[in-house]
Each structure stands twice: as C-alpha cells, then as structure tokens.
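User: I am new to this structure and would like a close look at a single part, the aromatic rings and the surroundings that follow on from them. Please take it slowly and explain each term as it comes up.

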Amino acid sequence: MTRHLLITGGAGFIAGNLVHHWAATHPQDRLVVLDALTYAGNLATIGPLIDAGRVQFVHGDIGDASLVTEVLQAQAISHVAHLAAESHVDRSISGPGAFLRTNVGGTFTLLEAFRVHWLAKGSPEHWRFLHVSTDEVFGSLEPQDPPFSESTAYSPRSPYAASKAASDHLARAWQHTYGLPVLVSNCSNNYGPYHFPEKLIPLTLINILLGRPIPVYGDGSNVRDWLYVHDHCRALERVLLAGEPGSTYCIGGNNEVANLDLVSLLCDLMEELAPDLPVRPCRELIRFVADRPGHDRRYAIDASHIRRTLGWEPQVTVQEGLRRTVQWYLANRGWWEPLLSPEYSGYLEAQYGASLGA
Ligand code: NAD
Ligand code: DAU
C-alpha cells in the first residue's frame with residue numbers, strides 16, 4: 001500500500017534524517033515536507049531529494065490552518081510524522097513565545113486539521129499521526145533514580161519542555177476523545193549529520209575546527225542519554241508502521257554520558273581524524289561558563305517497551321556514532337559553513353557573551 005506521508009519540520013535535524021531514511025527504505029511512498037524554514041531549517045539538508053522530485057516541499061507554518069488543510073487535502077495525506085518544533089532549550093529561556101506558538105499552537109492546528117481531513121475520508125483505520133516528543137517532559141533525574149519510562153509522571157522544567165509536554169497532552173487528548181489514530185514518542189538526546197551548531201555536539205565540533213572556545217555549562221557533570229539519529233529514525237519508522245494508536249513509546253540510546261566526558265571524547269576524535277587543527281590539544285579550548293538556568297541534571301530512558309513490543313533497539317554505539325558524526329562534519333563543510341551567518345554570530349554573542357570569540 002502506498003502511503004502519503006507528511007513530515008513536518010523536514011528541513012531540520014531529525015526530520016531531515018527521517019526524510020532521507022524514508023526515501024531510501026520506502027521508495028513507493030509519497031513524501032511531503034512542510035517546514036517554515038526558521039533559523040533551524042536548512043533546505044540543503046533535503047535539497048537533492050527535492051531536486052530529484054522525490055520530495056514535495058511546502059514552505060509554510062504548521063500554525064497556518066488554511067495552508068495545513070490545503071496540504072492535507074491536495075496531497076491526500078494518510079500519515080503524519082510531526083517533528084516541526086522550536087527545539088533549543090536555551091532559546092526557550094531567552095524567548096519562550098515562539099515555543100508556545102509553534103509547539104503548542106502549531107501542534108493543535110495540525111491535529112485539528114488532520115482530524116477534519118480524516119473524518120471527511122470516513123475515518124480510515126490505517127491512517128496514522130505520530131507526534132514526536134522528548135524525554136525532557138519528564139523533568140530531571142538524580143544520579144541514583146531509575147530511568148524514565150512510559151509510566152513516569154510529567155514534570156517539565158524549562159519553557160521548551162513545558163511546551164512539548166502541552167503538545168503531548170493535546171496529541172493524547174485528540175486520540176482519546178476523537179479516536180484519531182495518534183501515537184506519541186519521547187526520545188532522548190540525538191546526534192549525527194545535519195545537526196544545527198547551537199547544540200552541544202555540533203557546536204563543539206565546529207568550534208574545534210575554528211579554534212574557538214568550547215563552552216561547558218556549570219561543571220560539566222550534567223548527564224544526557226545519547227542516541228545516534230539514524231537509530232531514532234528507525235524507531236520512528238517502527239512506531240509509525242507497527243505501533244498501537246493511543247500508545248506512547250520511550251526511545252533512548254542507553255548511553256549516559258556526562259557533558260565534560262562527551263566533550264573530551266570529541267576532542268580525542270578530532271585530534272585523531274582532523275588534519276591541521278588550529279589548536280592542539282583541543283582540550284585547551286574548554287571553558288566552563290555560566291550554567292543554564294534550571295539546568296536539568298540527568299536524563300535517561302528505559303526503552304524496554306519499544307524493544308519488547310516493536311523489536312527496536314539501537315544499532316550504533318556512542319563511540320561509533322560520534323566517530324561517524326565527526327567524519328560527517330569534516331566531509332561536509334559545505335553544509336555547515338553557510339550557517340555561520342551574522343545572525344548565528346549574534347546568537348552566540350547573546351548566549352555566551354564575548355567568551356566564544358564569535
Ligand atoms: P530542529 O530545530 O533541528 O528542526 C526543527 C524544524 O522545524 C526546522 O526545520 C524548522 O524550520 C521547523 N519549524 C520550526 N517552527 C516551525 C513552524 N511553525 N512550522 C513549520 N516548521 C517549523 O529540531 P530537531 O532537533 O530535529 O527536533 C525535531 C523534533 O524532535 C522536535 O519536535 C523535538 O522536540 C524532538 N526531539 C528532539 C531531540 C533532539 O535531541 N534534537 C530529541 C527528542 C525529541
Ligand atoms: O533530551 C532531548 C532533548 O535534547 C531535545 O528535546 C532537545 O530538542 C535537544 O536540544 C536536546 O536538549 P539538551 O538541552 O539536552 O541539548 P543541548 O545540546 O542544548 O545540551 C546538551 C547538554 O550540554 C546539556 O546538559 C547542556 C549542555 N551544554 C549545551 C550547550 C549548547 C553545554 O554545556 N554547553 C553548551 O554550549
């Protein structure tokens with residue numbers, strides 16, 4: 001059966017990787033991307049697929065109800081993978097409004113438009129709406145706490161996490177009240193190709209290549225559970241194709257690493273793989289800077305539910321995934337160099353002060 005799949009946010013990091021994954025693994029499906037091309041959206045990520053006619057690209061906002069309705073109808077969309085969002089915690093602290101508009105308002109608009117479209121077509125049982133969310137909705141763990149799972153109570157602590165939590169509640173309400181075939185996933189930190197360099201891993205790699213300081217918040221002891229983005233895409237594929245509507249799936253890498261250890265690993269890999277680094281040893285670039293307000297201490301995911309029910313587990317170890325990621329950034333300067341715009345420098349200056357030498 002041919003699916004007509006709408007991927008929102010497809011010019012961004014995870015959804016861009018998902019577009020590539022889906023185009024390669026489901027050549028019979030129609031792929032449509034809706035993306036507003038905010039600072040985080042980059043058409044270069046999926047440009048070759050658009051040029052080849054493999055992906056239909058629609059430039060627009062998920063909060064634009066008439067546009068969303070038109071796309072759903074004109075493209076006869078049967079499946080939605082909803083990833084469009086404002087995604088950076090630091091930006092949510094300095095400017096929360098866009099997070100509420102897109103993550104809450106935009107998700108509402110999309111759910112409601114899809115519901116009307118689904119009803120108009122006789123409520124087809126095989127249609128699906130996958131709402132992609134984050135482990136940050138669960139709050140923060142202490143070192144000895146068990147990992148988050150599907151039964152963990154919500155306790156969001158940043159404007160970003162609160163906006164994602166609200167959108168998760170909307171998605172589940174539309175399933176429970178209207179019977180819309182909605183699935184929700186909550187994933188840990190992703191890394192890999194096409195990651196915008198405001199996030200820790202690509203920021204560190206690019207700063208090492210440019211000989212700029214690497215900012216580490218607080219004492220660098222905060223812990224994240226890292227998952228290679230291709231493994232996340234495989235999980236999303238399983239959930240969309242075989243998940244039970246109304247269910248939630250926690251997705252994680254089982255790879256807890258403290259930030260300072262992660263940055264040190266990246267320094268080692270860069271020294272091994274990159275010729276002509278401006279500063280060696282790279283660790284000399286590390287700077288401990290003011291902590292993120294409300295900084296969550298630790299995230300970790302228990303992914304046993306998706307392993308048991310859908311047979312998914314990560315295939316890429318963090319050592320292998322980081323190596324691939326470093327190699328990708330070394331081989332794809334043409335993707336990230338244009339991102340170092342005056343707007344990006346202005347963001348670094350506002351976020352880190354003069355300490356980064358942007
Ligand atoms: P990203 O910031 O890299 O990309 C977001 C994309 O959404 C961009 O292309 C942007 O242009 C687009 N967008 C933003 N506002 C929009 C709007 N109003 N209308 C249409 N498009 C809009 O994000 P990401 O890191 O790839 O995250 C994707 C999704 O996965 C988000 O929902 C995020 O909460 C979730 N998530 C991310 C991670 C992670 O580690 N990055 C982990 C778990 C879950
Ligand atoms: O857990 C999933 C979440 O992971 C996603 O929902 C978010 O969209 C995604 O951005 C990510 O959030 P984090 O805040 O964990 O990612 P970030 O890369 O911003 O930060 C990772 C850790 O590194 C975190 O503890 C803060 C720290 N950090 C971050 C930056 C940008 C630094 O020490 N220095 C930095 O300059």
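Analyst: A good place to begin is Phe114, which is buried, with a relative accessible area of 0%; here buried means under 20% relative accessible area, exposed over 50%, and partly exposed in between, with a 1.4 Å probe and protein chains only. This is a predicted model, in which local features need pLDDT of at least 70 and side-chain atom pairs count only at pLDDT 80 or more, while totals for chains, interfaces and linings use all residues. Residues are numbered from 1 along each chain as its sequence is written, chains are lettered from A and ligands numbered from 1 in the order in which they are written, and side-chain values use heavy atoms, with hydrogens and water left out.

The structure holds 18 aromatic pairs, where rings of Phe, Tyr and Trp (its six-membered ring) pair if their centres lie within 6.5 Å, and planes under 30 degrees apart count as stacked, over 60 as edge-to-face and the rest as tilted. One of these pairs is Phe108 with Trp174: the ring centres are 5.9 Å apart and the planes stand at 80°, so the pair is edge-to-face. Phe108 lies in helix α5 (residues 97–120) and Trp174 in helix α6, so this pair ties together parts that are 66 residues apart in sequence; helices (H or I, at least four residues) and strands (E, at least two) are DSSP runs, numbered from the N terminus. Phe108 counts as partly exposed, at 39% relative accessibility, whereas Trp174 counts as buried, at 11%.

Returning to Phe114, its ring forms a tilted pair with that of Phe129, at 5.7 Å centre to centre and with 55° between the planes. Phe114 belongs to helix α5 and Phe129 to strand β5, so the pair ties together parts that are 15 residues apart in sequence. Phe129, too, counts as buried, at 0% relative accessibility. Elsewhere, Phe138, Phe148, Tyr154 and Tyr299 are linked by ring pairs into a cluster.

Rings also meet a charge. The charged end of Arg91 sits over the ring of Tyr39, 3.5 Å from its centre, and Arg91 also lies over the face of Tyr347, at 4.0 Å from the ring centre; a charge sits over a ring if NZ of Lys or CZ of Arg is within 6 Å of the ring centre and within 35 degrees of the ring normal.

Strand β5 leads on to ligand 1, since β5 gives the most to the shell around this ligand, with three residues. In total 29 residues surround ligand 1, and the closest are Ile14, Asp35, Ser87, Tyr160 and Lys164; a residue is near a molecule if one of its heavy atoms lies within 4 Å of it. An N or O atom in the side chain of Ser87 is 2.7 Å from an oxygen atom of ligand 1, while a backbone N or O atom of Ile14 lies 2.8 Å from an oxygen atom of the ligand. The protein covers 96% of the 830 Å² of accessible area that ligand 1 has on its own, with areas from the Shrake-Rupley method and a 1.4 Å probe.

Ser87 also approaches ligand 2, with a backbone N or O atom 2.7 Å from an oxygen atom of that ligand. A polar side-chain atom of Glu136 lies 2.8 Å from an oxygen atom of ligand 2. Taken alone, ligand 2 exposes 690 Å², of which the protein buries 94%.

Conventions:
Polar contact = N/O pair within 3.5 Å; in protein donor to acceptor, adjacent residues only side chain to side chain.
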